[in-house]
Amino acid sequence: MKNRILVVEDDAAIRDAVLLNLQVAEYDATAFEDGREAADALEQDHAYDLALLDIMLPGLDGFELFSVMERYGIPVIYMTAKTDSASEIRGLRDGAEDYIVKPFDPLTLLVRIEKVLKRMGKWNAVYRVRDITVNTETHEVTRGGEPIVLQPLEFDVLVALLKHKNMTVSRERLVSEVWGFDYLGETRMVDVKISALRRKLGLEDAIRSIPKLGYRLEER
């Protein structure tokens with residue numbers, strides 16, 4: 001089952017971009033542009049795993065809407081243009097899980113969402129692409145129901161690509177997510193692991209090399 005994310009953002013361009021990235025990452029996302037409308041809708045359906053709230057909203061602002069989320073046990077990440085420390089301190093003291101300032105990197109937002117969902121015990125640990133299923137808790141990989149043995153680093157690279165499916169991920173990003181920020185080796189190690197994944201999982205045409213950028217795991 002997909003994790004459900006509520007987005008409340010009155011800027012149409014930002015709202016659409018966030019929704020697109022959430023959908024690409026296989027979240028079930030619902031959006032509102034008005035805080036009061038979101039609060040009213042929650043009376044009928046509040047089965048959300050996480051809420052992304054702007055602060056400056058019509059109807060109810062993000063701080064007012066937070067108390068509604070709290071009533072239904074929905075964790076909150078604020079995403080806002082307000083850069084003053086007072087707003088950030090208020091948001092975090094009220095109980096928000098995170099506070100991200102616009103403009104932000106879509107991949108950074110996705111990583112923060114994942115961390116909050118894991119911390120709250122709401123994370124969906126299973127990824128799927130084609131006939132391949134990957135369980136990040138048990139480290140089991142199957143293809144067509146048959147188990148596939150991957151080396152630990154191969155598994156971690158695969159999960160990193162699955163997290164950002166249909167998005168281009170740079171070699172540097174893969175290195176930081178899999179090997180860590182302090183890794184001093186060659187980024188060519190990424191290419192070696194990608195080659196192994198293509199061969200073992202039959203994903204030669206799905207894991208695309210993007211010249212001068214990195215790799216993209218595609219599923220249309």
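This is a short tour of a predicted model, going from the whole chain to one small sheet.

**Whole chain.** Start with the protein chain in cartoon view. Its secondary structure comes to eight helices and twelve strands. Turn the model along its principal axes: the C-alpha atoms fill a box of roughly 55 × 35 × 30 Å. The radius of gyration is 19 Å, which agrees with the value near 17 Å that a compact globule of 220 residues would have.

**Inside and outside.** Next, colour the chain by accessibility. Of the 220 residues, 48% are buried. Now switch on the surface. The accessible area is about 11200 Å², and carbon and sulfur atoms hold 49% of that area.

**Contacts and charges.** Among contacts with a separation of 6 or more, 60% join residues 24 or more positions apart. Then select the charged side chains. The chain has 30 positive and 39 negative charges, and the mean positions of the two sets lie 6 Å apart.

**A three-stranded sheet.** Select residues 169-170, which form strand E10, and residues 207-210, which form strand E11. Add residues 214-217, which form strand E12. In what order do the three strands of this open sheet lie? The order is E10-E12-E11, and the pairing is antiparallel. E10 and E11 are the edge strands, as each pairs on one side only. Strands of a sheet pair through backbone hydrogen bonds, so show the backbone atoms here.

**One strand pair.** Finally, zoom in on E11 and E12, which pair in the antiparallel sense over four bridges. Which residue stands opposite Arg-208? It is Arg-216, in E12.

Key. Residues are numbered from 1 along each chain as its sequence is written. This is a predicted model: local features need pLDDT of at least 70, side-chain atom pairs count only at pLDDT 80 or more; totals for chains, interfaces and linings use all residues. Side-chain values use heavy atoms; hydrogens and water are left out. Helices (H or I, at least four residues) and strands (E, at least two) are DSSP runs, numbered from the N terminus. The radius of gyration is taken over C-alpha atoms; the globule rule is 2.2 Å times the number of residues to the power 0.38. Buried means under 20% relative accessible area, exposed over 50%, partly exposed in between (1.4 Å probe, protein chains only). Contact means heavy atoms within 4.5 Å. Accessible areas come from the Shrake-Rupley method with a 1.4 Å probe; for residues, only the protein chains shown count as cover. Lys and Arg count as positive and Asp and Glu as negative; His and the chain ends are not counted. The place of a charge is taken as NZ of Lys, CZ of Arg, CG of Asp or CD of Glu. Two strands pair if DSSP finds at least two bridges between them.
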